[in-house]
Every structure is written in C-alpha cells, then in structure tokens.
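Dear colleague,

I am passing on the structure we spoke about, and my notes on it follow below. Please read them with the coordinates open beside you.

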Amino acid sequence: MKPAAEIREKIESLSAIPTLPTVLTNLLAVIDSEGTSIKHIGDLINKDQALSTRLLKMVNSPVYGFPGRISSVHQALMLVGLGALKGMLMGVAIFDAMQKTMIGLWEHSIGSAIAARLIAVKVGMKETEEASVAALIHDLGKVTFGICYPDEYKALLGKAKTEEQYIVDVERENFGVNHAEAGRWIAKKWNFPGNLVEAIAYHHKPELAKDAGELAAIVHLSDMIIKMIGFGFSGDPYVHQVNSKAWELLGLDGEDLKDVLSELEDAVSGESLSL
C-alpha cells in the first residue's frame, strides 16, 4: 500500500486535468475572482467554439431539464448560476478523461446527474442544478486516480471485477484512500464551492456531511439508482446497499421512488450524450 500522504501530494499537484483546454483553465480562475459577471464569463466561453458547443449540448440534455430550449451560452449561465457553473464546466471538460479512465463512467455520471435532478425536485430542493452538477462530478476522484496512476488503476478495476469487490474497497487496499477522499482533495485544491466538495467527499456516507447533508444524500441515492438500472458503469460489479441515513434524511417513500424511476427510465432511454 502506498503512503496516503504520498497519494495526496501527487493528486493535489494536479494543477488541472491534462485534457482541459487553456480557455477553461483561465475560466476557472476568472470565476474565482471578485466582481466577475455572468456576462463576462459567457463572453469568454463564446470565444471557444468547442467548449460553448459542449456546454449548450449539456444544458439542453435531460440532465438539466431544459431539453432543446437553451439557445445561447448567456441564457444557459443565467439559468444555472455561478454557484453551479464551475462544477458544470468541469463536468463538460473531463468528458474525455472519464472515457479514458473507465468505459461507461461518463454514462454513469450523466445518469446520476439526471437522477439527482429528479430527486431534488421530489424533495423540494430550490437549486436543482446544484444537485445535477454534484452528481455529474461525484466520481472526480476516479478520474484523478486514472490520471495519476493509469496502469495501477486499470489493474484495480480488473481486480474489483474478478474478485467481485467494491471499487472503494480495492482503492483503499492499494492507495490507503478511496475515490471519494481523492475527489475531496482535488475539489478543495481547485476551490470548488463547499457544498460540492462535501457531496463529492461523502457520496458514500452522506451522514458525515456537515453542511450539505441533503445534497450528499441526493448524490448517494442517484448513484445507487443509476447503478441499479444498469446505465453506464461505475467500476462496481454489483450495487451498494442504499445508505439508510440518506433515505431518512431525504424523507422519500416508495411511491416517490417509483416516480423517480419512471421518469428516469424515460430520460435515459437512448441517452448517451457524447460531447
């Protein structure tokens, strides 16, 4: 097992995902600066055709519930808001890295994001976009493992499959930490909003979240549901048991779950969202 301190140092040394375009690296810095306006950010995004196209495709997907209705980057940003923008841009940007890390991880993330929005609506959450974004990037730690330790991580995925173990257990055996912890490190390093950091860190144990328990619980449940219906692949050979504390925190019942599943199956039917 590698020393956890060594793992953390290597992960936190990532100044950016290697596949991030320069314009996005600059955008993430601009978003963090004081006095930044949505118009200014929209103007910057519009300068990069590939990024603006991907962003519009994402916002018009079932992930955000505005299919085919958003025609401009500025309109998209007004709807999503600065609070969720950073995570959404990151989700769009790590599309390539997710595909390289694990076949099916992007689809799993997209499915989780759609499920999270549906659950957020059910529980009356005001910022449903935040739930979508948190679920979209909840497996950021897997991407960082895949970038920092590509050969080792592929071997771990194979081990999880052949030995029928959860990927979080195999990660901890090899790295001393799992992808949720690794995701928390990199999200904090990149100054993600606190709610997103907690949702990433505690999506397997939402009861540990201090300030974003509801959001972490939504991400947890969406993660489990999308595994259950078999959309995409997260690295696990079988589905985790739903955390009882998350279920209690959200206050959902069987009928609520049936509604979410029904809407989710319609939303992901034929959905691949290749960016």
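Among contacts in the protein chain between residues at least 6 apart in sequence, what percentage join residues at least 24 apart? The figure is 70% for this chain, and I should say at once that we are dealing with a predicted model.

As for the overall fold, the secondary structure of the protein chain consists of 17 helices and zero strands. The radius of gyration is 18 Å, close to the 19 Å that the globule rule gives for 275 residues, so the chain is as compact as a globular protein of that length. Measured out along its principal axes, the C-alpha trace spans about 50 × 45 × 35 Å, and buried residues account for 56% of the 275 residues.

Turning to the surface, the accessible area of the protein chain comes to about 11,900 Å², and carbon and sulfur atoms hold 50% of it. The chain carries 26 positive and 36 negative charges, and the mean positions of these two sets lie 4 Å apart.

Two helices deserve a separate description. Helix H8, which runs over residues 105–122, has 18 residues and reaches 26 Å from its first C-alpha to its last, close to the 26 Å expected at 1.5 Å a residue. Of the 18 residues of H8, 15 are buried, so this helix is largely enclosed by the rest of the structure. Just after H8 comes Gly124, which takes a positive phi of about 80 degrees.

Helix H10 (residues 140–148) is likewise mostly covered, with eight of its nine residues buried. Those buried residues are Leu140, Gly141, Lys142, Val143, Thr144, Phe145, Gly146 and Cys148, a list that includes the lysine Lys142. Their cover includes H8 itself, together with helix H1 (4–12), helix H7 (95–101), helix H11 (150–162), helix H12 (167–175) and helix H13 (179–189).

Finally, there is a lysine in a loop that you may wish to look at alongside these helices. Lys205 sits between helix H14 (194–201) and helix H15 (213–228), and, with a relative accessible area of 49%, Lys205 is partly exposed. Although Lys205 and Val242 are 37 residues apart in sequence, their C-alpha atoms are 10.0 Å apart in space.

With best regards

Definitions and conventions: Residues numbered from 1 in each chain as written. Predicted model: local features only at pLDDT ≥ 70, side-chain atom pairs only at ≥ 80, totals over all residues. Heavy atoms only, no water. Helix = DSSP H or I, 4+ residues; strand = E, 2+ residues; numbered from the N terminus. Rg over C-alpha atoms; globule rule 2.2 N^0.38 Å. Buried < 20%, exposed > 50% of the residue type's maximum accessible area, 1.4 Å probe, protein only. Contact = heavy atoms within 4.5 Å. Areas by Shrake-Rupley, 256 points an atom, 1.4 Å probe, with all protein chains shown as cover. Lys, Arg positive; Asp, Glu negative; His and termini not counted. Charge placed at Lys NZ, Arg CZ, Asp CG, Glu CD. Expected span 1.5 Å × (residues − 1).
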